Amino acid sequence: METKILSTSKQDIALAGKILRGGGLVAFPTETVYGLGANAFDEEAVKSIYRAKGRPSDNPLIVHIAKKEDIAPLVEEIPEKAQKLIDAFFPAPLTIILKKSPLIGKTVSGGLETVAFRMPKNEIARAVIEAAGVPIAAPSANTSGLPSPTKASHVIDDMQGKIEAIVDGGDCEFGVESTVITLAEKTPVILRPGAITKEMIEKVIGKTALAKAVLSEMEEGEKAASPGMKYKHYSPKAKVFIVDADKKTYENFVNSKKGAFALCFEEDEISIPKVVFGKENDDLSQAKLLFDKLRELDELGAKKVYARIPNKDGIGTAVYNRLIRAAAFNIIDLKKPFTIGLTGQTGAGKGYVCEELEKLGFKIINSDFVARKLTEKGSPLLGALQKSFGEDILENGELNRKLLAKRAFENKEKTALLNSVMHPAIIEECKKQSRHPCVFDAPQLFEAKAEDLCYKIICVSAPAEKRLERIMKRDNISEEDALLRINAQFDEKYYIDRSDYVIYNNGQNINEQINRILEVIL
């Protein structure tokens, strides 16, 4: 198929309208992103949108109108709150969802009983719709899953040869898609944030909720009620990670990532290749540039990208919403003290894993070493241990560790007592020593309730007989004492179920397992 590149002249706008009216597809600019339009009343034309984009058919489309009076035929009724929003904002980058009329087919609605509609602020968009003489169903004019197009050149890259025409109207004003709000239920809910913010809407209609899926993944089995709610969306070919950190921590972390790219703010001091998507405190500049810069990363051949986290207020909510989907929800949380929590049953082989991670640049914080330091002669903790486990656990001021262990691991109640004395002090000291990237080597990570302090948790697992042999040799103790220590811990399943990843120390190559995990999480 030959794709005509049209100007914004009256003749070309009229031609675009004729193509749409006849069942063809035309891409056109709006104030948000370029849309890929078809006659909303022509089911076959609408189906061709899904084919051109490679878009799942359960993802609803937005119906674009040129005049406010075009709304009534599309819906069952216009409730008071919907009318207030229409009067306050239209034309605007705002999409409203209401119960649909029989004129709207199942293809446009994605099988739902609702219709999403908006009146673009962009005059070229409204001129194209008027020329067509029918409402226009239009998602973004890109290959499904890729960053939305904010320039005609983006549309040409994705849609050349797949659609009848592209109207070149220059760069889009806002750069992120419209705000989507549903008024089909009792409580107004924003399903997708955009340039019309929650605060602006609430000034008009009062309390409005923000859908959980705006800032997190959709629930399993949940049906998308709006475009842009899917798990992975707006994504370049590169693997993108969002780094949740302050400016300095982000810079230090990213500058250590040789061979990667940074998607950062203008103010960030970055030594690796970088692509800038606006200024730190200018959400509008970030919104306008985000999709363009995600595409630029592909042009530069980026394979792995570390993005600076945007604000989550105002228009920043829209930027964050698009970015987390571009990153498929891969967020490296460096606000937590520990990059990796390493745990597992005693004797599983965590020490070897720590040695290998240390070679890769991680600082190792060993909770057992910290515990020993905290129980050296003169430590204030020794008095608390004596009070709980007997005066005789000290000999000339020194802790008899074997005697303490024998008494503390005698039963679960005494083990819990030991933990209540030791864990708070150990965690506080370990937090003081942390710097990114670091590993918190903590056999009792879960018992200490320290899992929320770690970005990701890795469990090391090994066969029971192998662990028993190691403990006896390592601690120079009898089989009976070793079994006491093993039995004082939770079983293997407990650790595996609560960890993000497992390293199996059962003959499999440990280094390969480490590298596979790090490739995914960092």
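**Close-up views of Ser-367 and helix H1**

**View 1. Ser-367 is buried, with a relative accessible area of 8%.** This is a predicted model, and the picture starts with one serine. A residue is called buried when its relative accessible area is under 20%, so Ser-367, at 8%, belongs in that group. To find Ser-367, look in helix H12, which covers residues 367-374.

**View 2. The side chain of Ser-367 meets the backbone of Asp-441.** Here the side chain of Ser-367 reaches the backbone oxygen of Asp-441 at 2.8 Å. Who else is around? Setting aside neighbours within four places in sequence, Ser-367 is in contact with Ile-426, Cys-430, Phe-440, Asp-441, Ala-442 and Pro-443.

**View 3. Helix H1 runs through residues 10-21.** Count along H1 and you will find twelve residues. From its first C-alpha to its last, H1 reaches 16 Å, close to the 16 Å expected at 1.5 Å a residue. After H1 comes Gly-23, whose phi is positive, near 100°.

**View 4. H1 has a buried side and a face turned away from that side.** Which residues of H1 are buried? They are Asp-12, Ile-13, Ala-16, Gly-17, Ile-19 and Leu-20. These residues lie on the same side of H1 because they cover an arc of only 160° around the axis. On the face turned away from the buried side, you can spot the exposed residues Lys-10, Gln-11 and Lys-18.

**View 5. Strands and a helix help cover the buried residues of H1.** Among the strands in this cover are S1 (4-6), S2 (26-28), S3 (35-39), S7 (136-137) and S8 (165-167). Helix H5 (123-132) is also part of the cover.

Key: Residues numbered from 1 in each chain as written. Predicted model: local features only at pLDDT ≥ 70, side-chain atom pairs only at ≥ 80, totals over all residues. Heavy atoms only, no water. Helix = DSSP H or I, 4+ residues; strand = E, 2+ residues; numbered from the N terminus. Expected span 1.5 Å × (residues − 1). Buried < 20%, exposed > 50% of the residue type's maximum accessible area, 1.4 Å probe, protein only. Arc of directions from axis to C-beta. Contact = heavy atoms within 4.5 Å. Polar contact = N/O pair within 3.5 Å; in protein donor to acceptor, adjacent residues only side chain to side chain.
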